[in-house]
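Me: Please take a close look at the packing in this model. I would like the ring contacts and the nonpolar core treated together, with the backbone details after that.

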Amino acid sequence: MLTGTASTGTASAGGASEAAGGRRGRPPGTSRRELEVIALRLFTEQGFDHTTIEQIAAEAGVSKRTFFRYFSSKTSVLWSEFDHEVDVIRAALADVPAGTPMMDAIRRAVVAANHYGPQDVPELRMRMNLIGNVPALQSSAALHYDAWERAISDFAATRTGQPADSLYPLAVGRATLAACRAAYDRWSARADADLTFYLDAALAALATGFDPDVIRATARAPSQDIPRRVAT
């Protein structure tokens, strides 16, 4: 749910530290992902408000102009992958065959847009800690979550033939976002499987109105709440 190709985060952060220990920074070919990892490390070490774009660019060995080629602001560093997820979900839903049940289509699109594993949890916890504690990031969160929700509501509106801001499309979007955030919270607390397994199970249960039989069927074992992927 939140934001990047986080599975490369640890290695990239280590590389940035090594670069800083020798000739400071990286060559001009620094990627978007490398800038993201460097920024996250500096935000965590120095504080978001005390880290400047100039510092991020210098640590990466690139110009400020290069930073702005990838990101519009410091805040966008933490949200860019989340926003990309919204675009991926919209594109996936736009290509869904007309005969696919609405909630099945939403579940598949959301699962396909996420790619986090247990190894990504530490970085994502850092992100969420920053978003939860920095006022500038807190105030921006609602806008990004609203965009994610609207991607679902717009699709539901198309399927139901109703305006996107009417009751049922809004309910579908908000219920889907709530189920996904619950899946993310449980996954990040346990760090025992890919996020997609939790999303898959939560959205399958939502589609059936949280039918107890469906919930029991998706449990891997009575003593565990690690979900099993639902057949598509």
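Reply: R181 lies over the face of Y145, 4.2 Å from the ring centre. A second charge sits over a ring elsewhere: the charged end of K74 is over F48, at 4.4 Å from the centre of that ring. Both values come from a predicted model.

Rings also meet rings. A search of the whole structure gives 8 aromatic pairs. In one of them, F67 and F68 have ring centres 5.5 Å apart and planes at 90°. The pair is therefore edge-to-face, since planes over 60 degrees apart count as such. Are its two members buried or exposed? F67 is buried, at 0% relative accessible area. F68 is partly exposed, at 39% relative accessibility. W79 and F82 make another edge-to-face pair, with 5.3 Å from centre to centre and 80° between the planes. These two residues sit in helix α5, which spans residues 74-94. They are 3 residues apart there, so about one helical turn separates W79 from F82. Both W79 and F82 are buried. Ring pairs also build a cluster, which links F67, F68 and F71.

Now the core. The largest nonpolar core holds 57 residues. I89, L93, V110 and W148 have the most contacts inside it. Several helices give two or more residues to this core: α2 (32-46), α3 (53-60), α5, α6 (102-113), α7 (121-133), α8 (135-160), α9 (167-190) and α10 (195-207). Among them, α8 gives the most, with 8 residues.

Take I89 as a way in. Leaving aside neighbours within four places in sequence, I89 is in contact with A109, V110, A113, W148, A151 and I152. Two of these partners, V110 and W148, are named with I89 among the residues that have the most contacts inside the core.

T176 offers another view, from helix α9. T176 is buried, with a relative accessible area of 0%. What does the polar side chain of T176 find there? One of its polar atoms lies 2.7 Å from the backbone oxygen of V172. Beyond four places in sequence, T176 is in contact with M103, I106, W148, I152, L203 and L206. W148 and I152 are also on the contact list of I89.

L199, in helix α10, is buried too, with a relative accessible area of 0%. The C-alpha atom of L199 is 9.6 Å from that of R108. Along the chain, L199 and R108 are 91 residues apart.

Helix α3 shows how burial is arranged around one helix. I53, I56, A57, E59 and A60 are its buried residues listed here. They cover an arc of only 160° around the axis, so they lie on the same side of α3. After α3 comes G61, with a positive phi near 75°.

Positive phi values also turn up outside glycine. Most residues other than glycine have a negative phi. A191 has a positive value, near 50°. This residue is in the loop between α9 and α10. A191 is partly exposed, at 28% relative accessible area. F210 is another non-glycine residue with a positive phi, about 55°. F210 lies in the loop between α10 and α11 (212-218). At 44% relative accessibility, F210 is partly exposed.

The wider setting is quickly told. The chain has 11 helices and 0 strands. From the N terminus on, its elements run α-α-α-α-α-α-α-α-α-α-α. Of the 232 residues in the chain, 46% are buried. Among contacts between residues at least 6 apart in sequence, 70% join residues at least 24 apart. The contact lists of I89 and T176 give local detail to set beside that figure: I89 touches A109 and A151, among others, and T176 touches M103 and L206, among others.

Methods:
Residues numbered from 1 in each chain as written. Heavy atoms only, no water. Phe/Tyr/Trp six-rings, centres within 6.5 Å; stacked < 30°, edge-to-face > 60°. Buried < 20%, exposed > 50% of the residue type's maximum accessible area, 1.4 Å probe, protein only. Helix = DSSP H or I, 4+ residues; strand = E, 2+ residues; numbered from the N terminus. Lys NZ or Arg CZ within 6 Å of the ring centre and 35° of its normal. Core = buried A, V, L, I, M, F, W, Y, C linked by side-chain atoms within 4.5 Å. Contact = heavy atoms within 4.5 Å. Polar contact = N/O pair within 3.5 Å; in protein donor to acceptor, adjacent residues only side chain to side chain. Arc of directions from axis to C-beta.
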